[in-house]
Amino acid sequence: MKKALIVWGGWDGHEPEQVAGIFEEILKEHEFEVEVSNTLDAFADAARLKELDLIVPVWTMGEIKEEYVKNVSEAVQSGTGLAGCHGGMCDAFRTNVDWQFMTGGQWVAHPGNDGVEYTVEIRHSSSPLVHGMSHFKVVSEQYYLHVDPAVDVLASTRFPLADGPHRLNNPVDMPVVWTKRWGVGRVYYNALGHQANIVEMPQVKELMRRGLLWAAEGKQAPEAMEAAQSQGTYTGMSDSQL
């Protein structure tokens with residue numbers, strides 16, 4: 001049985017407890033053993049984090065001890081997955097660049113605030129995480145992020161829509177969903193999820209379901225690569241093969 005840790009807290013406006021409950025339900029439906037915590041002290045035991053298959057942060061605008069970030073980072077590097085959404089992962093700890101490097105981005109603005117109608121455009125590729133999914137509209141915050149150029153973008157949205165000082169720049173496609181690697185660990189992020197009702201949208205919930213499960217498979221991926229290498233059959237496996 002796979003093991004997951006969900007840690008929620010920070011700014012109440014993002015409904016972290018409710019969002020954590022949605023993620024807990026998804027994981028339990030897939031037979032995960034799930035621990036839910038509302039304290040960052042859950043990141044204190046480095047050895048225990050490495051025993052997990054998945055860490056899910058649901059924590060906005062907080063401060064975190066450097067030791068805790070180091071513990072999470074080392075666990076992910078060793079194969080523990082990291083997956084989350086919206087400000088609960090990429091606006092968690094604004095002053096901690098190590099966290100931002102690991103997660104792949106940091107929120108900087110949402111022009112128009114809540115209530116902007118925009119299209120999430122699925123980027124069809126070889127990734128099973130978006131297979132069979134179509135573009136969809138959402139009315140919510142449209143996240144403008146500073147994004148690691150190493151991420152693999154699976155969905156994006158077009159800026160500008162709302163008025164602001166950014167409007168005179170050329171249009172840009174801002175990542176909404178991405179994956180990246182941190183060591184051998186898998187990192188998944190979805191910028192949607194301002195509140196629980198957005199996470200409950202069928203398209204968003206399905207994206208998160210796939211992302212949570214994919215990130216939790218990171219420990220199996222190195223084993224598959226090692227086996228293929230020992231058999232002389234490794235040619236560079238895609239995520240869909242691992």
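## Two buried aromatic residues

Let's start inside this predicted model. Phe93 and Trp99 are both buried. Their rings also form an aromatic pair, edge-to-face, with 4.9 Å from centre to centre and 85° between the planes. As a reminder, two numbers describe a pair of aromatic rings: the distance of the centres and the angle of the planes.

## A pair between two strands

How many aromatic pairs are there? The count comes to five. Another of them joins Trp178 and Tyr189, and this one is tilted: the centres are 4.7 Å apart and the planes meet at 45°. Trp178 sits in strand S10 and Tyr189 in strand S11, so this pair links distant parts of the chain, eleven residues apart.

Are these two residues buried or exposed? Trp178 has 0% relative accessibility, and because buried means under 20%, Trp178 counts as buried. Tyr189 also has 0% relative accessibility and therefore counts as buried.

## The sheet

Now look at the strands. Nine of them form an open sheet with mixed pairing, in the order S2-S1-S3-S4-S11-S10-S9-S6-S7. Strand S2 (33-37) and strand S7 (136-140) stand at the edges; each has a single partner strand, so one side of each has no neighbour in the sheet. From one strand to the next, the twist averages 20°.

Strands of a sheet pair through backbone hydrogen bonds, in a parallel or antiparallel way. Here, strand S1 (residues 3-10) and strand S3 (residues 54-60) are parallel, with seven bridges. Gly9, for example, has Trp59 in S3 as its bridge partner.

## A helix across the strands

Helix H7 (residues 202-215) lies across S3, S4, S7, S10 and S11. Relative to S11, helix H7 runs at about 170°.

Terms used:
Residues numbered from 1 in each chain as written. Predicted model: local features only at pLDDT ≥ 70, side-chain atom pairs only at ≥ 80, totals over all residues. Heavy atoms only, no water. Pairing = 2+ DSSP bridges. Helix = DSSP H or I, 4+ residues; strand = E, 2+ residues; numbered from the N terminus. Axes fitted to C-alpha atoms, helices over the stretch in contact; angles between N-to-C directions. Contact = heavy atoms within 4.5 Å. Phe/Tyr/Trp six-rings, centres within 6.5 Å; stacked < 30°, edge-to-face > 60°. Buried < 20%, exposed > 50% of the residue type's maximum accessible area, 1.4 Å probe, protein only.
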